[in-house]
Amino acid sequence: MTSKTSAASGKTTAEGDFPIAIIGAGFGGIGMAIQLKKAGIESFTIFDRAGEVGGTWRDNTYPGAACDVPSHAYSLSFEPNPKWSRKYSPADEIQNYILGLVDKWKLRGRIRFNTDIVGASFDDTTGAWTIRTGDGEDFKARVVISAVGGLVDPAYPDIPGIESFEGKKIHTARWDHDYDLRGKRVGVIGTGASAVQVVPAIAPEVAELEVFQRTPAWVVPKRDAVYSDRLKKLLARFPVLLRISRAFKYWTSELLGPMIFLDAPRLSAVGEKLSLAHLESQVKDPELRRKLRPEFQFGCKRVLVSDEYWASFERGNVSLECEAIDEIRPRGIHTRDGALHELDAIVFATGFELGLARAPFPVVGRDGRSLDESWAEGAVAYKGMTVSGFPNWFILMGPNTGPGHTSVLVYTEAQISHALQAIRKLRDEGLKFVDIRQEVQDRYNERIQGRMKYMVWPNCSSWYLSKDGSNHSLYPGFASEYVVSAHNFHPEEYQIAELDADAGHEADAA
Ligand code: NAP
């Protein structure tokens with residue numbers, strides 16, 4: 001549990017001997033809490049600005065929402081689930097899995113819901129962080145786990161007139177289930193990972209569906225499958241089978257990884273060929289196929305996985321609009337060719353504000369330096385987890401830890417392990433703080449950025465890239481490579497400060 005101070009009264013209450021704050025109750029935060037509990041460390045509090053756990057899987061409830069990574073791989077290895085209903089689970093099933101973990105590990109009472117953290121600052125003398133909530137309450141924590149996620153806040157496009165639209169506006173990441181799309185004329189802006197799921201899901205319901213495409217994307221077959229009851233029983237009875245299935249899916253994605261992340265035209269051509277064969281099998285009209293055919297290199301933007309997206313354009317009520325959007329008007333979308341596409345609703349499948357690139361709220365570390373100052377030239381962290389000058393602060397899903405080819409949870413688990421080892425050392429040895437050495441962080445990031453020129457991502461524009469074209473989002477390599485390097489905490493890479501007896505007492509009692 002975290003020590004609490006009322007900012008208004010200045011009173012303090014001690015709720016644990018080594019308070020740990022976990023910010024975010026999504027996959028990362030919940031996974032961290034489980035591993036802490038397993039290690040016998042109970043002194044943590046989870047904060048979430050929403051009223052429920054789940055993060056991405058709580059927020060993304062649009063029709064068709066699912067994970068495009070197979071569930072046997074996209075789940076926590078230390079919480080195997082033999083009950084997934086199909087190869088690629090729908091969002092609500094993933095959310096139920098997270099809810100199940102919260103119940104199993106009795107975490108609900110440890111979560112402060114509807115609590116927005118708006119600032120954090122580190123006290124050098126006590127080795128404690130003070131984190132402040134939107135209500136002005138302060139909490140002291142010896143360690144902070146920042147598990148706030150990278151793709152959280154919906155991004156709306158910068159299209160003139162967007163506010164003037166008189167119909168319904170819905171972002172995929174904040175779906176309004178009270179709005180009935182049946183029989184409506186609907187426009188979808190965007191053709192990314194969210195769009196390929198929502199388009200086929202709503203197409204049968206709506207009267208007309210116009211998909212506004214700026215850049216066609218590479219789509220590969222999903223080959224989704226329902227898992228029979230017999231298979232689920234077998235997986236439950238023989239957990240080794242589930243582990244084999246997970247390993248198979250994981251190593252297949254690693255094997256295919258270079259085709260997706262390397263700037264190797266011959267490898268990219270294999271993926272492009274596979275995708276074009278898929279396009280040919282799904283769309284009969286050559287002119288439509290031409291419009292849907294991407295021109296950028298395979299893997300440069302996220303490779304999309306769907307058996308139904310391209311096939312949706314074969315439906316009589318679905319059309320593809322490739323003219324650039326000029327503006328949004330009260331009655332619809334106006335394209336550059338002068339046409340007004342009259343609509344009842346616009347679905348924005350336009351992605352997220354990139355949360356990875358900046359501090360989630362003002363974070364002030366040693367010597368009064370802010371995280372935003374440290375990240376002025378792009379978000380950098382040692383192995384995406386620790387930032388020099390911000391001791392005892394561990395980021396899950398931080399800079400350069402996103403994968404384009406496999407499950408992000410593989411990376412998250414390595415980060416959880418690293419943080420847990422650091423917490424044990426801090427707690428068991430009565431240390432004040434561990435702070436990644438600047439030179440270690442710099443060397444690591446030089447290597448990471450040096451590798452980027454061999455990756456495919458600089459070759460097109462995508463959310464992976466910052467405005468200056470640098471990539472602070474994705475990990476340039478195999479997941480296994482990251483896991484081997486990040487899984488263990490190496491004390492020699494960190495500056496370690498002892499807790500002086502008086503200051504320690506102060507920190508723990510505060
Ligand atoms: P996204 O990949 O950022 O796609 C946004 C789409 O909106 C793009 O097609 C973009 O076109 C288009 N767009 C943006 N501004 C526009 C404008 N002004 N005019 C016209 N079009 C515009 O967003 P997303 O599909 O939500 O996916 C974001 C990320 O979330 C994914 O890469 C993935 O990491 C994650 N995700 C994962 C899953 C999963 O199953 N695991 C599912 C959904 C999302 P351009 O391409 O031309 O920029």
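**Briefing: disulfide, ligand shell and selected residues**

Asparagine 392 sits in the loop that runs between helix H10 (371–374) and strand E23 (393–395). Helices (H or I, at least four residues) and strands (E, at least two) are DSSP runs, numbered from the N terminus. The structure is a predicted model, in which local features need pLDDT of at least 70 and side-chain atom pairs count only at pLDDT 80 or more, whereas totals for chains, interfaces and linings use all residues. Residues are numbered from 1 along each chain as its sequence is written, and side-chain values use heavy atoms, with hydrogens and water left out.

**Two asparagines with positive phi**

- Asparagine 392 has a positive phi of about 55°, although it is not a glycine.
- Asparagine 392 is buried, with a relative accessible area of 1%; the term buried stands for under 20% relative accessible area, exposed for over 50%, and partly exposed for values in between (1.4 Å probe, protein chains only).
- Asparagine 114 likewise is not a glycine, and its phi is positive, at about 50°.
- The loop between strand E5 (111–112) and strand E6 (117–123) holds asparagine 114.
- Asparagine 114 counts as exposed because its relative accessibility is 55%.

**Cysteines**

- The model contains one disulfide, a term that denotes a pair of cysteine sulfur atoms within 2.5 Å.
- The partners are cysteine 300 and cysteine 460, whose sulfur atoms lie 2.2 Å apart.
- This disulfide links distant parts of the chain, as its two cysteines are 160 residues apart. Cysteine 300 belongs to the loop between helix H8 (286–292) and strand E15 (304–305), and cysteine 460 to the loop between helix H12 (438–451) and helix H13 (479–486).
- The disulfide of cysteine 300 and cysteine 460 is left-handed because the torsion about its S-S bond is about -120°.
- Both cysteine 300 and cysteine 460 are buried.
- Cysteine 322 has its closest cysteine sulfur in cysteine 460, but the separation is 18 Å, which is too far for a bond.
- Cysteine 322 is partly exposed, at a relative accessible area of 33%, whereas cysteine 67 is buried, at 5% relative accessibility.

**The ligand and its surroundings**

- The ligand is surrounded by 23 residues; a residue is included if one of its heavy atoms lies within 4 Å of the ligand.
- The closest residues are Asp68, Thr191, Ser194, Thr215 and Trp463.
- By class, the shell consists of 11 nonpolar, eight polar and four charged residues. Here Ala, Val, Leu, Ile, Met, Phe, Trp, Tyr, Cys and Pro count as nonpolar, Asp, Glu, Lys and Arg as charged, and the others, Gly among them, as polar.
- The ligand lies between domain 1 (3–152 + 354–508) and domain 2 (156–221 + 253–350), because both give residues to the shell around it. The domain bounds come from an automatic or database domain assignment.
- A polar backbone atom of threonine 191 is 2.8 Å from an oxygen atom of the ligand.
- In the side chain of threonine 215, an N or O atom is 2.4 Å from a ligand oxygen atom.
- For lysine 301, a polar side-chain atom is 2.8 Å from an oxygen atom of the ligand.
- The ligand taken alone exposes 910 Å², of which the protein buries 82%; accessible areas come from the Shrake-Rupley method with a 1.4 Å probe, and for residues only the protein chains shown count as cover.

**A buried asparagine with a polar contact**

- Asparagine 400 is located in the loop between E23 and helix H11 (408–428).
- At 2% relative accessibility, asparagine 400 is buried.
- A polar atom of the asparagine 400 side chain lies 2.9 Å from the backbone oxygen of leucine 474. A polar contact is a pair of N or O atoms within 3.5 Å; within protein, one must be able to donate a hydrogen and the other to accept it, and residues adjacent in sequence count only if both atoms are side-chain atoms.

**Residues separated along the chain**

- Phenylalanine 248, in helix H6 (residues 239–261), is exposed, with a relative accessible area of 59%. Its C-alpha atom is 8.9 Å from that of alanine 73, although the two residues are 175 residues apart along the chain.
- Proline 360, in the loop between strand E21 (352–354) and strand E22 (363–364), is partly exposed at 42% relative accessibility. Proline 360 and glycine 119 are 241 residues apart in sequence, yet 8.7 Å apart in space, C-alpha to C-alpha.
- Histidine 487, in the loop between H13 and strand E25 (494–498), is partly exposed, with a relative accessible area of 34%. The C-alpha atoms of histidine 487 and tyrosine 411 are separated by 8.8 Å, and the residues are 76 residues apart along the chain.
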